[in-house]
Amino acid sequence: MSMAKPKAESEAGVLDRIVAAGQPGPEGELRLSVPAAEFEGTFRELFRGGARFITVFRAETPGLVWTGLFAFRGELLVVRAPVDDRAQMPDRGMGRWWPATERAILELIDREGAAAQAGGRGITRPDPDLIERSVEGLDVFTIPFGPVRSGIFEAIQFQIETGGEDVASLQTRTFFKHRGLESRFAGLRPEVAVHVAERVAGVAATAYACAFSQAVERALGVEPPLQAQRWRAIYSELERMACHLDVIAKQAETTALYVGQARFQILKEQVQGLRARLTGSRFGRGVVAPGGVRSDSLIALDDLSKAIDGIERDLHRDRRLFLGTASMTDRLVGSGHLDRALIEQYCAVGPLARGSGVSIDARHERPYGDYQRLGLRIVVHREGDAMARVNVRFGELFESLRMIRQAIDQLRRRTGELSMPLPVNGSGTACGWVEAPQGELVIWVEITDGVVRGVHIASPSFRNWALFDHAFPSDVLTDFAFIEHSFGLTTAGADR
Amino acid sequence: MLEWIYRGLSRGRVTTRYPRRPEHAPHGFQARVEVVHPEGGGPQLAALCPTGAIAVAVDGHVTLDRGLCIVCGDCVRAAPDHFAFGSGYETAARARAALIVGQAAGLDASASPLRPALAERAGGLRRSIHVRHIDCGSDGSEEWEIQALWNPYYDIQRLGFFLTSAPRHADVLLVTGPVTTPMRAPLERTWAVMPEPKALVAVGTDACGGGLRADDRTAVAAARPTAGGVDQVLPVDVYVPGSPPSPTTIMHGLLLAAGLLRPQEAAS
């Protein structure tokens, strides 16, 4: 395979030079400026050196700058190349290093093009009736599945090329839900802009609010108080639990295990109800804000811990039943197999990567907020199939419960401020990152005179959807629903 | 398998009794924003809202448009004399104008007349109503809340609502999201193939009035990413505001759409 990594030591010299030339940004962030002509070359060196690509976009501050983000040696590497004008676009050929790069560059080029010529169609304005590839062969045809699908699902389209049963090839088309939200941030004060962040991917509202708030805090040099960091961790873990329980309930539904489905739906409803009692919103909205959290919890810590105990008791029994039901597990074992090498090529993140033996988790790689103190056991399974991804989620549910309990203990021991004021006319640029339920989420923020000027969102779903095209190596059409649910992604987050 | 059956039965009944008995929200639940004191507002109040839901008349009368309100609470925190969170779930309405609260009596949600055409249509639906959903650019949370209607807690099948995968079998179409450009044609087609009588329910603030969509007033119409609300594309029968509306609120909207609530119940 041409994507195989060469030995790291042969490149060590070049890489060390790259890293040595970098300027430390806010903590955990390394910044490197290169001329536009060397932008592509730097990508190549980083690819060879084993960096993980996150995103590429154009920033506006201080001038126009192509910006590439990488996870590299436990830090976030920001590669920046100043350019002269908007029309100047990075070379599409850069996609040869990581397939994820190509999609990110396509999106960048496409958005600029769409702004220039109104009504133009590209990947951000897909045509639902367009079959992109023609297929040839005996009884081979393309099923355009979506964007309107049976059931209550988000809009996305899969063009399935099939001979009737086996899935010969598949193309996932996103951006049916593109709402242009990144441009909505501009001109808002950070404490208002966080409402936009919460609505990029509604089911991961807390993760988006935390990532955005952390980016603002790092850009302006504000440290949120400890108590606020603990509450953020509790809210984030509850959100992860709701998302994971949702995936497990849907897995039970697709195998017609209806009592199991009902049980996990009830558990999810309990978590949602608990979030409503804690924050006033079933999705934990309106609480996390740049500087800290807006208000104290609406219920006592003892009530929270009692609720957590109840959920854990039920979860133990339901998990045991679920994993002991052969009609369920037989459908999942071996379905939707993803090779570890594929995960690395596509720079996939989250439970998807951890189900294929890749131990990446932003909470561990670059610990932020309370995760610097909580200590995390990363749940990894090597099998790479739908079952492994369910097992990762079960493991993380219990890990979340443990961390919530630990954070409650810490909250009990002391009281303190919940929020720090932001400087009124602060300026700066920085990244904020969290491990959202779907995987690592990075948000880049530019602030000028106390107002948000630009935002770029590297959502985990955008990167992970690309792998769906490769999730059917030996699976048939009837496995579609299991495999889709085992990914557990949001379309809203990918489309923005 | 027996163990599953035992497990299901042993937990007892969890289903809500709504709408026969009122559903009470937990303490502090932020279901909606109320105008608690509509008089004596200044123009600074309108500036508090990121979506422009607050309007202040020249005489200082304050109104709030729930079709635009994303329940962010910025106004409640900055002007607690005028605004407060309300925990009532029943915010769905049959007319767009009825979503504007703080108006003088007579124009409020309670007085909104049932559209005659809808009453006729709803009369034909009665107690076996098939529901179809289409996502036109929501943030994903509305889908969770609609899915929750079929979970054991809300169990909307007990009221005669069934989910159907074919628009040709559907009586009610639930639409989420502000209608993005690529979803406009699929939405129109889905609506067109549904048989009469039929009702269209806009679920969520994004669907009702556009919500926090990209500020595209300056852009060329064709280049705007969204239409800014379902009623810009198709006539809406019931509006369910909220960001996202909770399952009980969506249930309220569905009952309104099906004509299953008598006018006095609908008024509460």
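Helices here are DSSP runs of H or I that are at least four residues long, and they are numbered from the N terminus. With that in hand, let's walk through this predicted model, which scores ipTM 0.85 and pTM 0.88.

Start with chain A. Its secondary structure comes to 18 helices and 13 strands. Is the chain drawn together or spread out? For 496 residues, a compact globule would have a radius of gyration near 23 Å, and chain A comes in at 22 Å, which agrees. Along the principal axes, its C-alpha atoms fill a box of roughly 70 × 60 × 50 Å. Of those 496 residues, 54% count as buried. The chain also links up distant parts of its own sequence: take the contacts between residues at least 6 apart, and 68% of them join residues at least 24 apart.

For a close look at how pieces of chain A pack, try helices α5(A) and α6(A), the second of which covers residues 205-220. Their axes come within 8 Å and cross at roughly 145°, and the crossing is right-handed. On the α5(A) side you'll find A:P190, A:V194, A:A197 and A:E198. Facing them from α6(A) are A:A205, A:Y208, A:A209, A:F212, A:S213 and A:V216. Sorted by class, this contact has 8 nonpolar residues, 1 polar and 1 charged.

Over in a loop of chain A, between β12 (439-448) and β13 (451-458), sits A:D449. Most residues other than glycine have a negative phi. A:D449 isn't a glycine, yet its phi is positive, at about 50°. Is this residue buried or exposed? A:D449 has 9 other C-beta atoms within 10 Å, and 12 or fewer counts as exposed, so exposed it is.

Now for where the two chains meet. Here 53 residues of chain A are in contact with 55 residues of chain B. Several elements of chain A give two or more residues to this side: α3 (99-116), α4 (181-184), α5 (190-198), α8 (258-279), α9 (301-323) and α18 (491-495). Which of them gives the largest share? That's α8(A), with 9 residues. By class, chain A's side of the meeting has 26 nonpolar, 15 polar and 12 charged residues. Notice that α5(A), the helix that packs against α6(A), is also among the elements on this side.

Moving across to chain B, you'll count 8 helices and 10 strands. Buried residues make up 50% of its 268 residues. Among its contacts between residues at least 6 apart in sequence, 77% join residues at least 24 apart. Chain B averages a pLDDT of 79, and 83% of the residues score at least 70. Two stretches call for some caution: over residues 105-117 the pLDDT is below 50, with 13 contacts beyond near neighbours in sequence. Residues 262-268 also have a pLDDT below 50, and this stretch has 5 such contacts.

Inside chain B, helix α5 (residues 181-193) has a buried set made up of B:T181, B:P182, B:M183, B:P186, B:L187, B:T190 and B:W191. What covers them includes strands β6 (129-135), β8 (172-176) and β9 (199-203). Strand β9 is also home to B:L200. Why does B:L200 count as buried? There are 23 other C-beta atoms within 10 Å of its own, and 20 or more is enough. Leaving out residues up to four places away in sequence, B:L200 touches B:L173, B:V175, B:W191, B:L234, B:P235, B:V236 and B:D237. One of these, B:W191, belongs to the buried set of α5(B). The C-alpha atoms of B:L200 and B:V238 are separated by 6.6 Å, with their positions 38 residues apart along the chain.

Further along, the loop between β10 (238-240) and α7 of chain B holds B:P244. Most peptide bonds are trans. The one from B:S243 to B:P244 is cis, with omega near -10°. Then comes α7(B) itself, residues 247-257, where 11 of the 11 residues are buried, so this helix is largely enclosed by the rest of the structure. After α7(B) comes B:G259, with a positive phi near 70°.

One last stop is B:D155, in the loop between α4 (141-148) and β7 (161-163) of chain B. B:D155 has a positive phi of about 35° although it is not a glycine. With 16 C-beta neighbours inside 10 Å, B:D155 counts as partly exposed.

Note on methods. Residues numbered from 1 in each chain as written. Chains lettered and ligands numbered in written order. Predicted model: local features only at pLDDT ≥ 70, side-chain atom pairs only at ≥ 80, totals over all residues. Contact = placed C-beta atoms within 7 Å. Nonpolar A, V, L, I, M, F, W, Y, C, P; charged D, E, K, R; others polar. Axes fitted to C-alpha atoms, helices over the stretch in contact; angles between N-to-C directions. Left-handed = near helix turned anticlockwise from the far one by under 90°. pLDDT = per-residue confidence, 0-100. Rg over C-alpha atoms; globule rule 2.2 N^0.38 Å.
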